[in-house]
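Work through the following exercises with the sequence and the model side by side. Try each task before reading its solution.

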Amino acid sequence: MSKIKGSAKSNTGGKSSVGRNTGGRSNAARNAGGQSKPARNTEAKSVGRSAPANAGSIHAPVNKNDDVTVEIIGLTHEGEGVGRADGFTLFIQGALPGETVHARVMKVKKTYGYAKLLEIVEPSADRVEAPCAIYKQCGGCQLQHMDYAAQLKWKRQHVIDSLERIGKLRVAGTEGGTADNEDDARHAVVVHPTIGMGEPWRYRNKASVPMGMAISGLISGAEGLPQPDLNGEHLIGGFYARGSHRIIDMDECLIQHNSNDDIVAKVKAIGRELGIVAYNEETGRGLLRHVMARVGFVTGEAMIVLITNGSRIPNVEQWISRIREEIPSVTSIVQNINKRDTNVIFGDETHVLWGSEVIYDELDGIRFAISARSFYQVNPVQTVALYRKAVEYAALTGNEQVIDAYCGIGTISLFLARQAGHVHGVEIVPEAIEDAKRNAALNGIANASFEAGPAEVVIPRWRQEGIVPDVIVVDPPRKGCDEALLDTILAMKPKRVVYVSCNPATLARDLHVLEDGGYRTVEVQPVDMFPHTVHVESVVLLLRNETVYQIAYK
Ligand SMILES: C[S@@+](CC[C@H](N)C(=O)[O-])C[C@H]1O[C@@H](n2cnc3c(N)ncnc32)[C@H](O)[C@@H]1O
């Protein structure tokens with residue numbers, strides 16, 4: 001057993017890939033940070049782990065099963081500690097920057113490896129006891145062992161790193177900025193401190209829980225239930241263990257609203273009693289794939305979606321009446337059918353089993369109808385902070401034409417419509433657009449219209465039809481904006497672009513394209529929508545260069 005003292009080097013920086021070949025654009029945009037990426041980072045569109053300092057060396061100085069002492073010098077964007085042992089990069093889940101740890105090398109690649117945390121020799125001042133009993137097994141949270149204030153600082157730094165490395169932007173108050181010469185040098189972008197939560201627990205309004213089977217008697221809470229004979233197995237549901245598809249049965253999740261925990265526990269218990277068999281992704285057999293629970297924080301209304309591998313649910317009437325009896329807050333029970341061999345949760349067919357096809361919730365006094373397949377931000381408290389900032393950045397006076405691209409159920413659109421001339425929303429999921437139209441009517445908002453379709457197709461058509469936006473708001477999924485949409489934004493020349501993003505890497509990539517096309521990134525507000533996880537949401541203000549000068553010289 002070798003014992004190696006790790007040598008700390010300052011470069012924790014990742015060279016990352018955000019997965020777009022930007023064709024004829026500038027080098028920085030084309031590369032978008034796309035240098036070497038450790039192979040285990042299978043999510044090509046997220047910022048990767050750090051590029052090893054010794055890239056190219058053939059013989060790793062550590063072997064599998066070596067026990068090593070390592071100083072941790074950084075944290076990857078996936079929340080793993082980055083250590084160096086004799087200059088060799090090791091990723092260690094659960095270790096924090098500033099710590100010295102003992103770890104066992106588990107996997108050695110050519111230029112980096114993975115080690116398992118054995119013991120913390122010197123803890124970081126930011127280390128706290130994770131309150132969740134299943135934190136170490138469950139893959140849902142990655143930062144519970146880090147003090148919340150430190151999480152917020154780290155999230156801001158994550159955004160800054162992406163803006164500097166991928167976006168090639170200079171951030172005020174940092175030494176970063178990678179411009180090679182004066183001409184390239186960009187103005188300094190202000191990145192504000194992350195807006196955090198006063199009480200960063202129980203914040204999620206939605207739980208999507210995978211279902212599985214376990215041997216009866218091994219799972220807590222199963223004993224004593226009258227159980228049909230399912231070859232000695234019964235239904236469990238929880239979360240996938242870190243890095244696998246093994247289901248950890250779970251009764252409580254500390255970042256979920258209590259109502260969701262209660263619903264999932266009761267649906268599982270009723271399912272067990274009725275002899276429901278979970279879907280098995282290896283054999284493709286079994287019925288119940290996922291249970292989704294969603295609750296309106298303001299209204300208290302709850303929806304249950306049973307995602308099934310087939311249309312027939314045995315004893316469905318009994319199931320519905322038991323749910324209604326035991327969970328009176330449920331106003332909607334829905335079935336979604338997904339027979340495909342896929343990790344995608346939802347299939348294309350959705351039926352209401354009982355009650356309404358939507359639940360209602362409110363954000364900042366606006367009421368929203370939300371159907372099973374529509375996107376709705378999972379942290380409503382922080383959503384209000386995020387959307388208010390987006391409205392502030394739009395600087396509306398009551399006359400403006402505004403486009404809300406990737407509008408979902410029209411949430412941001414309706415916040416904007418209260419202060420705009422007209423808002424045009426576009427979204428790819430037809431059910432979400434139905435919700436958006438219903439939501440405008442529900443709130444008596446007449447100056448917002450919505451169209452279903454890909455933003456990159458619909459907005460170019462709007463341009464041809466003569467729509468001239470003063471402000472364009474985009475809130476794309478993790479992969480960022482489609483190139484055709486960015487081109488259209490540049491061609492439409494709105495005075496302001498407000499970019500809402502859940503992925504700093506693709507955000508930075510797209511900002512670079514917009515900067516090259518005549519926009520200036522003015523400020524960035526990170527908002528902590530997902531405490532205790534590595535996810536970071538940001539809202540960004542861009543001004544057209546002429547607008548910057550008009551504001552400066554008015
Ligand atoms: C991050 S969500 C934002 C939704 C909404 N702005 C909100 O805050 O609730 C991204 C949305 O983009 C939609 N979407 C994905 N690809 C799209 C595309 N090519 N064109 C339009 N909408 C798309 C998704 O269905 C989802 O509703």
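The exercises below go from the whole chain to its sheets and then to the ligand.

This is a predicted model, in which local features need pLDDT of at least 70 and side-chain atom pairs count only at pLDDT 80 or more, while totals for chains, interfaces and linings use all residues. Residues are numbered from 1 along each chain as its sequence is written.

**Exercise 1.** State how many helices and strands the protein has, and what share of its residues is buried.

Solution. Begin with the DSSP runs, numbered from the N terminus, where a helix is H or I over at least four residues and a strand is E over at least two; the protein has 11 helices and 23 strands. Next, call a residue buried if 20 or more other C-beta atoms, placed from the backbone, lie within 10 Å of its own; such residues make up 47% of the 554 in the protein.

**Exercise 2.** Find the strand order of the nine-strand open sheet, and explain why β6 and β19 each have one side without a neighbour.

Solution. Two strands pair if DSSP finds at least two bridges between them, and following these pairs gives the order β6-β7-β22-β23-β21-β20-β17-β18-β19, with mixed pairing. Because β6 (170-171) and β19 (448-452) stand at the edges with a single partner strand each, one side of each has no neighbour in the sheet. At one end, β18 (residues 422-427) pairs with β19 in the parallel sense over five bridges, and Gly425 stands opposite Phe450 in β19. Finally, helix α7 (residues 430-442) packs on the sheet and touches β18 and β19, where contact requires C-beta atoms, placed from the backbone, within 7 Å.

**Exercise 3.** Describe the open sheet of seven strands and name its edge strands.

Solution. The order is β10-β9-β8-β11-β12-β13-β14, and the pairing is again mixed. Its edge strands, β10 (247-249) and β14 (349-355), pair on one side only. Within the sheet, β8 (residues 206-215) and β11 (residues 288-295) pair in the antiparallel sense over five bridges, with Ala207 opposite Ala293 in β11.

**Exercise 4.** Which residues are closest to the ligand, and which classes make up the shell around it?

Solution. Counting a residue as near if its C-beta atom, placed from the backbone, lies within 6 Å, 21 residues surround the ligand, and the closest are Phe375, Tyr406, Gly408, Ile428 and Asp475. The shell has 14 nonpolar, three polar and four charged residues, where Ala, Val, Leu, Ile, Met, Phe, Trp, Tyr, Cys and Pro count as nonpolar, Asp, Glu, Lys and Arg as charged, and the others, Gly among them, as polar. As a last step, locate α6 (411-417), β18 and α8 (455-464), each of which supplies at least two residues of this shell.

How values were computed:
Contact = placed C-beta atoms within 7 Å. Axes fitted to C-alpha atoms, helices over the stretch in contact; angles between N-to-C directions. Buried ≥ 20, exposed ≤ 12 C-beta atoms within 10 Å, placed from the backbone.
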